[in-house]
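This report introduces a single protein chain to a reader who has not met it before. Please examine the sequence and the structure below before reading on.

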Amino acid sequence: MARIWIVEDDPQIGLLIELTVKKAGHEARRLVDGVELERALQKDAPELLLLDLMLREKDGFTLLRE
């Protein structure tokens, strides 16, 4: 079982991805923006990060570079 984080600001898309990941037998955590991701990364790290590229505030490319 992998620890997978989903960064998606659209609630319906985020929920769909989260449910799909869980149905595949993995641990899923949904985050809504880069600020929430940065806070979460201070405490833990995922094995896989599914990152929306068109986020508000900081886009996914910026978060990936940082």
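## A salt bridge between distant parts

The side chains of Arg3 and Asp44 come together in a salt bridge, with a nitrogen-to-oxygen distance of 3.7 Å. Arg3 belongs to strand β1 and Asp44 to the loop between α2 and β3, so the pair ties together parts that are 41 residues apart in sequence. The model discussed here is a predicted one.

Neither partner falls in the buried class: Arg3 counts as partly exposed because its relative accessibility is 25%, and Asp44 is likewise partly exposed, with a relative accessible area of 35%.

## Other salt bridges

The count of salt bridges comes to five. Among them is the one between Lys58 and Glu66, whose side chains meet at 3.0 Å, N to O. Lys58 is partly exposed, its relative accessible area being 32%, whereas Glu66, at 58% relative accessibility, counts as exposed. Elsewhere, salt bridges that share partners join Glu18, Lys22 and Arg30 into one network.

Within that network, Glu18 forms a salt bridge with Lys22, and their closest N and O atoms are 3.3 Å apart. Both residues lie in helix α1; because they are four residues apart there, about one helical turn separates Glu18 from Lys22. Is each partner buried or partly exposed? Glu18 is buried, at a relative accessible area of 11%, while Lys22 counts as partly exposed, at 43% relative accessibility.

## Helix α1

Helix α1 covers residues 11-23. At 1.5 Å a residue, its 13 residues should span 18 Å, and the C-alpha atoms at its ends are indeed 18 Å apart, which agrees. Gly14, Glu18 and Val21 are the buried residues named for α1. They cover an arc of only 65° around the axis, which places them on the same side of α1. Gln12, Leu16 and Lys23, on the other side of the helix, are exposed. The buried residues of α1 pack against the strands β1 (3-7), β2 (27-31) and β3 (48-51).

The two ends of the helix also have features to note. At the start of α1, a side-chain oxygen of Asp10 reaches to within 2.9 Å of the backbone nitrogen of Gln12. After α1 comes Gly25, whose phi is positive, near 95°.

## Helix α2

In α2, the residues Gly34, Leu37 and Ala40 are buried. Their arc around the axis is only 125°, which puts them on the same side of α2. The elements that cover these buried residues include β1, β2, β3 and α3.

Asp33 caps the N-terminal end of α2, where one of its side-chain oxygens lies 3.2 Å from the backbone nitrogen of Val35.

## The loop between β3 and α3

Asp52 is located in the loop between β3 and α3 (60-65). What is the nearest side chain of opposite charge to Asp52? That side chain is Arg56, 8.3 Å away, and Asp52 has no salt bridge although it is buried. A polar atom of the Asp52 side chain does lie 3.0 Å from the backbone nitrogen of Met54. Leaving aside residues up to four places away in sequence, Asp52 touches Val7, Glu8, Asp9 and Gly60.

Glu57 lies in the loop between β3 and α3 as well. Its phi is near 60°, a positive value in a residue other than glycine. Most residues other than glycine have a negative phi. Glu57 is exposed, with a relative accessible area of 78%.

## Arg29 in strand β2

Arg29 has its place in strand β2. With a relative accessible area of 36%, Arg29 is partly exposed. Which residues does Arg29 touch, when those up to four places away in sequence are not counted? The contacts are with Ile4, Trp5, Ile6 and Ala40. Ala40 is also one of the buried residues of α2.

Between the C-alpha atoms of Arg29 and Asp9 the separation is 13 Å, and the two residues are 20 residues apart along the chain.

Notes: Residues are numbered from 1 along each chain as its sequence is written. This is a predicted model: local features need pLDDT of at least 70, side-chain atom pairs count only at pLDDT 80 or more; totals for chains, interfaces and linings use all residues. Side-chain values use heavy atoms; hydrogens and water are left out. The expected span of a helix is 1.5 Å times one less than its number of residues. Buried means under 20% relative accessible area, exposed over 50%, partly exposed in between (1.4 Å probe, protein chains only). The arc is that of the directions from the helix axis to the C-beta atoms. Contact means heavy atoms within 4.5 Å. A polar contact is a pair of N or O atoms within 3.5 Å; within protein, one must be able to donate a hydrogen and the other to accept it, and residues adjacent in sequence count only if both atoms are side-chain atoms. Lys and Arg count as positive and Asp and Glu as negative; His and the chain ends are not counted. A salt bridge is a side-chain nitrogen of Lys or Arg within 4 Å of a carboxyl oxygen of Asp or Glu.
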